[in-house]
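Let's take a quick tour of a model together. Have a look at the picture first, then read the notes below.

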Amino acid sequence: MNGFPHFATWVHLDWVLVVVVAWLLIGVLGVLALKQFRLVANVLFPVSGLLSLVLLGLALSAAGSGPEVAVLPIGLPQLPFHLRLDSLSAFFLIVIGGVSAGVSLFAAGYFRQGEGTPPGLICLEYHVFLASMAMVVMADDAYAFMVVWETMAFSSFFLVMANHRIAEIRNAGYLYMLVAHIGALGILLCFGVLQANTGDYTFASMRAQHLSPFWASVAFVLAVFGFGAKAGILPLHAWLPEAHPAAPSPMSALMSGVMLKIALYGILRVSFDLLQTRIWWWGVLLMALGLATALFGVIFSTVQVEMKRLLAYSSIENVGLMCVGFGLSLLFSAYGMTALAALALTAALYHVLSHAFFKSLLFCSTGAVLHATGERSLGKLGGLIRYMPWVAWPSLIGVLACAGLPPLGGFVAEWLLLQSFLFTTGLPSSFLNMLVPVVAALIALIAALSGFTMVKYFGVIFLGQPREEKLSHAHDVAGWERMGMLWLAAGCVVLGLIPSQVITLMDPVTQLLVSAGLAQTVAASGWLLVPVSIERASYAPAIFLLGVMACFGVAYLLVRKLYSGRTRRAPPWDCGYPWQTARMQDTAEGFGQPIRQIFEPMFRMKRELPTSFDEQPRYRVEVEDPLWHWLYLPLAALVERISKVIGLLQQGRIAVYLMYSFVTLIVVLLVVKQ
Amino acid sequence: MSLLGLVSQLMAIVMALLLAPLLSGWVNQWRARLQNKSAPGLLQPYRVLHKLFNKESVLAEHASTLFRMTPYIVFGCMLLASAIIPTLSTDLPLSPAADAIALVGLFALARVFISLAAMDVGTAFGTLGARREMLVGFLAEPALLMVLFCASMISRSTSLTTIVETLAHRELAIYPSLLVAGVAFTMVSLAENARVPVDNPETHLELTMIHEALILEYSGRHLALLEWAASLKLFAYSCIGLALFFPWGVAEANAPLALLLALPVLVIKLAIGGIVLAFIETANAKMRIFRVPEFLATAFLLAVIGLLVNILLGTA
């Protein structure tokens, strides 16, 4: 930008940059006010929430307008930052703005004095994290992209390590960093392939290249590998269930709700935008990976006994489902079926949006529960709906959305995805056609299993009787936290009730990526969501909700009017057994037991059963991720062995090192001479 | 939205409300007869409902609002489900609001709420029931969806009215895919309605109960609503079965005479279906709870095979 243009001429991109800079300023203020706890909590975080709202508004208005570009003269000389705000970036800015508004408000009330890292420092890391995520989706050259991508990885690493005095958290942070870097290598190589020996690393130049199918496929696989590591796609998911529970809850909310989506943005950007060719097996690969990830995630989340770990596995599942949608869209698009590609892509994008809201909400609720009770193990919670109604009821909305139930946001995404599978029967390859029902069946199974998980999550934490004495003293959340959770819950409800409007908003994205959109058919039907035509399928969540509410209301009124409304409170009946205690309720292990039994081969289980002669009978079961033993530990052992061999070179005597140099010199000379 | 559509919609709702307990009574009566017992009167379910509505509701001391809301929500879901299934006529103004997938979602919503309510009081039986209900649900739900997809593939639509119209207009040919799906559907509906091989609606105080364990803490008007909702569910499932596999006789748009004829046809079809159900329940023994997943997985696989057959034979 030459000179300083007048405010009136500023475009969306400039204002987004203002928000980013303001976020960074807030972060710096947080460090300056390291000791002023009240300032950080009551001023800085709420202001940041307001900025998120501004970003949301900007992104909403930028979604429809054409791409805007800018070149920032920062960084190395001759290597300025290229920025570009198109509809895809705008969509992901909507996700960032909408979710972080709620999470920042929640964070304002969440941090307490004297716990781990001081809030001022967290404020800095948090805002750098937010700013870098916003920059990632706007970066328009590989250099800028990698810089902000790594900034995002580092700031989130510090957030994960907020309570670094605990050894497990240090391990989790290390694992996160390791996987993030392996992924970053993949991304770097991917950009290297994409620039096609031109030496020009701007995305604009990459778009202009026409790679041969082989090199395009290499770039695609590298992108899936690199971004997949960040998104938690199998088999690079291992960091996710470790890092999410380790981070403070608002951070887990942002990581799961937003950062995973940013990784998916990378896959979208490379495979739909930068690469000009599309090959059918890319879609199949992405679908297969997504299905495996989703199935793995949901099965493991049903058997978890720690609340944040359960949600982390559920995030893995949801990322898998989104990949299935992207893969299907890629497949359609490779065969030139643009309308169907748009349908599948819309389904996946809808899932991105609704998952961002409900998963952040659920992570915030775990934070509130953790603060009130100090417990993260499901087996020690229970009955909190009576003591923490402000947490329980918004969580119920999140849980219903996560379970994919109508009329909330999760269901719309699932509905659209299943619709796109149902219309698939026109693919040129009969083999692919055969795969479709199998995939659709698995998706239905995954959705139903996530319902199981969510009933377990909500039922064990909030319902029943408190499993510990201290739970009855649990305090409810206060103002900021309530506002944050209500905002996120409202997001879930709005996404569920006005799908047509939201899909119209996504239309520019699908137009950009697969050059077709649903807006025309959808807009024509008003309150009814009609993706293709009214005879084929339609869904009207508002009428749906009204119908259930009307039945509810009429039944309530009639029952009260015509019959008695008398109510009496008494001890629970439980088939007439009077000596029941809270310990007789199903535990988290117990609730997951049927799934553990059905899918037993998938787990590595350690079980300790009591014998009938035990004085103090104990039952213990531990479920482990088999991939650790099949993949990660062997890999780690291999790396260790290789490094030991290399270590033999290190003799520590100067004569030996001189000899190395000498031999190298001779070899080089020989090579050069030839 | 035509006036006739409105009339048929209202008729569908009122008929579901009135006929549902009757269907339960009919099944109970036939089952008793087949088992050489003296049968209760046909109107027994109405008497039970009337009795329960008049009683006071006893709530557990620490039951939350969720517990009190649930009967109404479940009842509302089941009523809406009955309203959108084309039983009498395919001209239903409410039907575009929810298609086959949303119908399954509606059942799932009711299931989740009733399971949560069962966990709310925190008794041993309640949580046990919730766990088992969700166990049945996570396999039955996708199986039902796959059965509906089989029909959707034939009619190239997930809209229930379009499915029924297409199926009713076809030649009297047997679709192999629908045959397989029909078996799957029967298995799923047995499980979903807590019928004999999976659960026993007659039982109470049995360690293997599922549905009864869920509603163990309810009494008075709440129990009445849940019982009514259960019979509405049976009614809705029967209607789905009839609509998918025996769709003849359903009235279409602008056909007032057909609408009048549709009611007796439906009643006859339901009566036959009820007898078949009573027969299945009598001829089978209840399974161990650990066998239920196998039973349902079979149903699920059958439904998927139905879909594959559909694609292989290229009916679509």
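Where two helices from different chains come together, Phe411(A), Trp415(A), Leu418(A) and Gln419(A) of helix 15 in chain A touch Ile101(B), Ala102(B) and Gly105(B) of helix 4 in chain B; contact here means heavy atoms within 4.5 Å. Those residues split into five nonpolar, two polar and no charged, with Gly counted as polar. Keep in mind that this is a predicted model, where local features need pLDDT of at least 70, side-chain atom pairs need 80 or more, and totals for chains, interfaces and linings use all residues. Residues are numbered from 1 along each chain, chains are lettered from A and ligands numbered from 1 as written, and side-chain values use heavy atoms, leaving out hydrogens and water.

**The helix pair**
- Helix 15 (residues 409-422) of chain A packs against helix 4 (residues 100-121) of chain B at about 140°, with the axes 10 Å apart.

**Asp99(B)**
- You'll find Asp99(B) in the loop between helix 3 (65-84) and helix 4 of chain B.
- Asp99(B) has a relative accessible area of 0%, so it is buried (under 20%).
- Its side chain makes a polar contact of 2.7 Å with that of Thr158(B) (a pair of N or O atoms within 3.5 Å, one able to donate a hydrogen and the other to accept it).
- Beyond its neighbours within four places in sequence, Asp99(B) touches residues including Trp415(A) and Gln419(A).

**Lys606(A)**
- Lys606(A) sits in strand 4 (residues 604-608) of chain A.
- A polar contact of 3.3 Å links the side chains of Lys606(A) and Glu624(A).
- The C-alpha atoms of Lys606(A) and Glu624(A) are 8.1 Å apart.

Note on methods
Axes fitted to C-alpha atoms, helices over the stretch in contact; angles between N-to-C directions. Helix = DSSP H or I, 4+ residues; strand = E, 2+ residues; numbered from the N terminus. Buried < 20%, exposed > 50% of the residue type's maximum accessible area, 1.4 Å probe, protein only.
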